[in-house]
Amino acid sequence: MKFSHTNLNKPFLYGHRFVHGHCHSEIGKDIFQSVIKCRAAVAWEPSKPLVMEEIEVAPPQAHEIRIKIVATGVCHTDLYHLFEGKHKDGFPCVLGHEGAGIVESVGSEVTKFNPGDKVIPLFISQCGQCRFCKSPKTNLCEKGWASDRYDVMSESDTRFTCKGKKVLQFMGTSTFSEYTVVNEIAVAKIHPSAPLDKVCLLGCGVATGYGAALNTAKVEPGSTCAVFGLGAVGLAAVMGCKNAGAKRIIAIDINPTKYEKAKVFGATEFVNPKDHNKPISQVLHEMTNGGVDFSLECVGSVAVMRSALESCVKGWGVSVLVGWTDMDDFAARPIQLIAGRTWKGSLFGGFKSKDGVPKLVNEYLEKKVKLDEFVTHNMTLAQVNDAIQLMQTGDCIRSVLSVALQ
Ligand code: NAD
Ligand code: ZN
């Protein structure tokens, strides 16, 4: 019998079965699967520190997969839910949506995954059947958690309980837990040699920014680009602009400590809005003889979204919203669009998730996509509140937390 490092040492009674942490390997082909008790960081209420708790993780049901999470990144969207969105129907929950792990067990009807497979849980599903999956125009899927509780950022059904209470699965994933259960339409099987503590970043931030440049903006060779916000999402957008052949990549952040990293990913110029007493769009127009060809907003601020649009050149400029917010409306003068600019949004970089993520993992293994350079801190799940603080103070790019032992 295998144990993750924090599982209990003594067997205990759960329901009518003795359960001792992880059971699948002992049972072999027996269909009995136990509830797993494991450690998770629970967000009991908005704006409060996460609490390490023992939770119960139910066995996977039909078409579901139970995953041992090995590593997870902390993304700004986790912080958004905790500190800004604070949706009353969204707590208690287990946050985390940028993880990688190993299949522990599979429910009935699952044919394409086996225990031991390396996987990335996906916050955008790809059922392959719905009208969105069938269209090459979008990566949305009708069957995922987002179809009915989008604003809450979790589905109402969950496989987690803690202290007798239902605990929601944030973005259908919940990677701040040693084990989680995800529908097979939201799991990508990845290359067996992929290092999970790096490729976890393809579960959200890096895929999002990279794809926003390549798939959504469709950055062209020789073009001039501006990326607003140089967290992992923005830096991945810089990398996307560079791999698409952009000539100038102007990196914009109010935190100048981010510029060194941006250079690593291909930024050619740096602008700190705080150094200027005129609108940043005007600064960019002056630097580029009338505006950039492509701009990407990777901050999550409606004011910056407007600046990013207004920084584009008339005639053909394309501005992409990548940063996440649902708190405020945005505004712009209609002439901005009438004069030929395009304003678009990008969810998960426009990648169809189950198809795209394994390909991105392979591109990392072939050294076409950088991941190691995003990781500034390696910590454990128990240090998740420190990792959250590092992101709040702007002192990290990505903190990767080790969750369960491999
Ligand atoms: P992060 O906190 O690491 O990075 C944000 C960066 O923006 C920081 O470097 C900060 O200094 C900078 N910034 C803040 N205000 C600014 C301003 N006025 N002008 C320029 N820069 C400014 O966050 P992250 O994890 O990289 O995420 C970035 C955004 O992307 C968040 O809003 C997140 O929720 C969103 N996101 C969206 C998707 C999607 O699918 N669309 C997926 C993941 C994350
Ligand atoms: Zn994210």
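User: Before we turn to this structure, which angles between two helices count as roughly perpendicular?

Analyst: Angles of 65 to 115 degrees count as roughly perpendicular. The model at hand is predicted. In this model, helix H2 (residues 76–85) and helix H13 (residues 384–392) pack at an angle of about 95°, and their axes are 10 Å apart. H2 and H13 are therefore roughly perpendicular to each other.

User: Which residues make the contact between H2 and H13?

Analyst: From H2, the contact involves His76, Leu79, Leu82 and Phe83, while H13 contributes Ile388, Met391 and Gln392. By class, the residues of this contact divide into five nonpolar, two polar and no charged.

User: How should I read the strand order of the sheet that contains E13?

Analyst: Two strands pair if at least two bridges are found between them. Here, six strands form an open sheet in the order E15-E14-E13-E16-E17-E18, and the pairing is parallel. Strand E15 (269–271) and strand E18 (342–345) are the edge strands, each pairing on one side only. On average, neighbouring strands of the sheet are turned by 20° against each other, direction ignored.

User: How many bridges join E13 to E14, and which residue is the partner of threonine 224?

Analyst: Strand E13 (residues 224–228) and strand E14 (residues 248–252) run parallel and are joined by five bridges. Threonine 224 has arginine 248 in E14 as its bridge partner.

User: Which strands does helix H7 touch, and which does helix H10 touch?

Analyst: Helix H7 (residues 232–243) packs on the sheet and touches E13, E14 and strand E16 (294–297); the direction of H7 makes about 170° with that of E13. Helix H10 (residues 302–310) also packs on the sheet, where it touches E13, E16, strand E17 (318–321) and E18. The direction of H10 makes about 175° with that of E16.

User: What is the strand order in the sheet of five strands?

Analyst: That open sheet has the order E3-E4-E9-E10-E6, with mixed pairing. Its edge strands are strand E3 (36–42) and E6, each of which pairs on one side only. Within the sheet, strand E4 (residues 51–57) and strand E9 (residues 160–162) pair in the antiparallel sense over two bridges. Glutamate 56 stands opposite threonine 161 in E9.

User: Which residues come nearest to ligand 1, and where are its polar contacts?

Analyst: A polar contact is a pair of N or O atoms within 3.5 Å. There are 27 residues around ligand 1, of which His76, Thr77, Asp253, Val322 and Phe348 come nearest. Aspartate 253 places a polar side-chain atom 2.7 Å from an oxygen atom of the ligand. A polar backbone atom of tryptophan 324 is 2.9 Å from an oxygen atom of ligand 1. In the side chain of arginine 398, an N or O atom is 2.9 Å from an oxygen atom of ligand 1.

User: What should I look for in the backbone angles?

Analyst: Most residues other than glycine have a negative phi, and most peptide bonds are trans. In this model, a cis peptide bond joins phenylalanine 91 and proline 92, with omega about -10°. Proline 92 is in the loop between H2 and strand E6 (93–94). Methionine 171 is not a glycine, yet has a positive phi of about 50°. Methionine 171 lies in the loop between strand E10 (165–169) and strand E11 (179–183).

Key. Residues numbered from 1 in each chain as written. Chains lettered and ligands numbered in written order. Predicted model: local features only at pLDDT ≥ 70, side-chain atom pairs only at ≥ 80, totals over all residues. Heavy atoms only, no water. Axes fitted to C-alpha atoms, helices over the stretch in contact; angles between N-to-C directions. Helix = DSSP H or I, 4+ residues; strand = E, 2+ residues; numbered from the N terminus. Parallel < 35°, antiparallel > 145°, perpendicular 65-115°, else oblique. Contact = heavy atoms within 4.5 Å. Nonpolar A, V, L, I, M, F, W, Y, C, P; charged D, E, K, R; others polar. Near = heavy atom within 4 Å. Polar contact = N/O pair within 3.5 Å; in protein donor to acceptor, adjacent residues only side chain to side chain.
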